[in-house]
Amino acid sequence: MIRSSLLGASLLLVAALALPGAGPAGAQTKPKAKPKAAAGAPAPALLAQGKQVYIQYCLSCHQADGGGVQNMNPPLTKTEYVLGDKARLTNILVHGFAEKVEIQGETYRNVMPAHDFLTDAQMAAVLTYVRNSFGNKASAISVAEVKATRAAGK
Amino acid sequence: MKTSALRYALLPAVLAGGAALFALAPAAPRVAPDPGNAGLKLPAGFGALVVAETGGKARHLAVSPEGTVYVKLNKPTAQGGILVLKPTATGKATVTSGFGNYGGTGMYLKNGYLYASSDKDVYRYKLDAKNQVVSPSQPELVVAGLKLGQEHESKSIVLDDAGNLYVNVGAYSNSCQVKDREKGSMGIANCPVLDSAGGIWQFKADGQRQRQAQGTRYATGLRNVVGLDWNAKDNQLFVMQHGRDQLHDIFPAMYDEKTSSQLPAECMYAVKGGDNAGWPYIYYDPAKHEKMLAPEYGGDGKKAVTDKYINPVAAYPAHMAPNALLFYTGTMFPAKYRNGAFIAFHGSWNRAPEPQMGYFVAFQPFKDGKPNGPYEVFADNFSGSAAKTASGRADHRPCGLAQGPDGSLYVSDDSKGTIFRIVYNK
């Protein structure tokens, strides 16, 4: 909990600060190297946490490269769900997803289980990671945004 | 090496000889493999060629005595959901037409009819004396309105020799949890999925508009069967079950990732009417050779179950997804293959983060109608490379098997839509 609220706070600070103490060596070098990019790019430590969550809870279906499994599990590469509305994306994790919609012209037969056991911080981290991995580039999702979506209930 | 060089040397002669050679040869003419056997790795003496590129998701297929190939697509293309491929002199074939505006998996030819399944219905098309479909737009609806849930939608089909049709109705669930695939969710008591799915249903092969309730639940406790065949020698149905997924994801305290990638076995069952294979209550551990109580139903990875449920007749590595089963009755291949089983392993996904496996056609030797000894990898490298197998990003995924009139083995791929043909030339 302490760790996750720290991460949430650091996310809010990332635009202005070079993340004091938020992570290992990377945190000290990266923001210096690209001071401008830091304005939109999520903190390395947050991405690292998101990656951990991804490996533990998403990789078995969406695979290591985010490419999914044909006919079964959709890819997370530049889909409208990943890059689009943050609340809709967050709700896929909170409630699961079995709509059998077309994703990039294909449908997928497996079901996406709800992941409501994840903390707000874990959700923010994994969604931010997904939105900035596998060729994706999109804004971070903050703990506050996840909290608000979960509070809204749907 | 010697034999293949010889074969290529003979090729021009065969082509030039043409019809004359046809007339002289007592058996069917030799079919020349593609250079490099179309990328497949095969036992010595075998060769492979690409019959056609269909461009569709080629699920199951059937080959008529005249060599016409019927391919069921998972998703119809502009030509339709069933493609007709006519043979050419080289042993390849050309897509000449298509029909049936529905996707699906099942394709089976018997007794003057071509049977096809969507994910809900089974149709049949009358064939003429040359095994050509008489009225492509007017099939008989043999079975209508089969249970279709959120997953395991394929309705694979096979006929016996007594006028019965067998249809897989896959469980619309992984392990009958209260919340499908959710971490820690327990199994529903008296799993209700089994009422209408998770088994094989038997119908009359010449029936009309049979509803599922009018059929017989022939066998139950089978999570999802995509590959099945009738063994004429035993006069018995054999099925390949897709074992359950995600033991680690759902019960991380009991199964680590590695264990979860190796459990449970993909099982072959010899099925009799009334059999129960035990899904969702048990799974089969290939190392322990035991049926284990599923964690959703109080298991812990250690409690075995000894009674009640049938045992598999053979077990294969976990998650490789057996999508087709074919008893080989031809004479082209060496004697050891006769009455043995070919199995198309579509390839795994649920072994991640461990390397994926499968994407090959296996051969299971049989003796006296029972599996005899370990399986062999027969046709390998559909994926294109070891790295593509490990990552699961396979070029081709074997999905359907059929025997040609000359005894060659046809393999369909539902990834790129390639139809392969494996021949023996010795």
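1. Let's start with B:Arg217. You'll find B:Arg217 in strand S13 of chain B, the stretch covering residues 216–220. Keep in mind as you look that this is a predicted model. Is B:Arg217 buried or partly exposed? Its relative accessibility is 39%, and partly exposed covers the range between under 20% (buried) and over 50% (exposed), so B:Arg217 counts as partly exposed.

2. Now check the company B:Arg217 keeps. Leaving aside residues up to four places away in sequence, B:Arg217 touches B:Leu194, B:Asp195, B:Ile200 and B:Trp201. Try B:Gly273 as well: 56 residues separate B:Arg217 from B:Gly273 in sequence, while their C-alpha atoms are 8.3 Å apart in space.

3. Next, step back to chain B as a whole. How many helices and strands does chain B have? The count is four helices and 30 strands. Its radius of gyration is 21 Å, close to the 22 Å that the globule rule gives for 426 residues, so chain B is as compact as a globular protein of that length. If you'd like a feel for the dimensions, the C-alpha trace spans about 70 × 50 × 40 Å along its principal axes.

4. A couple of percentages help here. Of the 426 residues in chain B, 60% are buried. Also, take the contacts in chain B with a separation of 6 or more: 56% of these involve residues 24 or more positions apart.

5. One sheet is worth tracing by eye. It is an open sheet of four strands from chain B, in the order S14-S15-S16-S21, and the pairing is antiparallel. Which strands stand at the edges? They are S14 (225–231) and S21 (314–316) of chain B; each has a single partner strand, so one side of each is left without a neighbour in the sheet. From one strand to the next, the twist averages 20°.

6. Inside that sheet, look at S15 (residues 236–241) and S16 (residues 266–271) of chain B, which pair in the antiparallel sense over five bridges. For a landmark, find B:Val239, which stands opposite B:Tyr269 in S16 of chain B.

7. Chain B is also divided into domains: domain 1 is 1–30, and domain 2 is made of 38–121 + 145–200 + 218–424. The C-alpha centres of these two domains of chain B lie 35 Å apart.

8. Last, a word on confidence in chain A. Its average pLDDT is 79, with 73% of the residues scoring at least 70. Where in chain A is confidence lowest, and where is it highest? The lowest is helix H1 (residues 2–13), at a mean of 38, and the highest is helix H7 (residues 120–130), at 97. Over residues 1–38 of chain A, pLDDT stays under 50, and the model has 25 contacts beyond four places in sequence for that stretch.

Definitions and conventions. Residues numbered from 1 in each chain as written. Chains lettered and ligands numbered in written order. Predicted model: local features only at pLDDT ≥ 70, side-chain atom pairs only at ≥ 80, totals over all residues. Heavy atoms only, no water. pLDDT = per-residue confidence, 0-100. Helix = DSSP H or I, 4+ residues; strand = E, 2+ residues; numbered from the N terminus. Contact = heavy atoms within 4.5 Å. Domains from an automatic or database assignment. Pairing = 2+ DSSP bridges. Axes fitted to C-alpha atoms, helices over the stretch in contact; angles between N-to-C directions. Rg over C-alpha atoms; globule rule 2.2 N^0.38 Å. Buried < 20%, exposed > 50% of the residue type's maximum accessible area, 1.4 Å probe, protein only.
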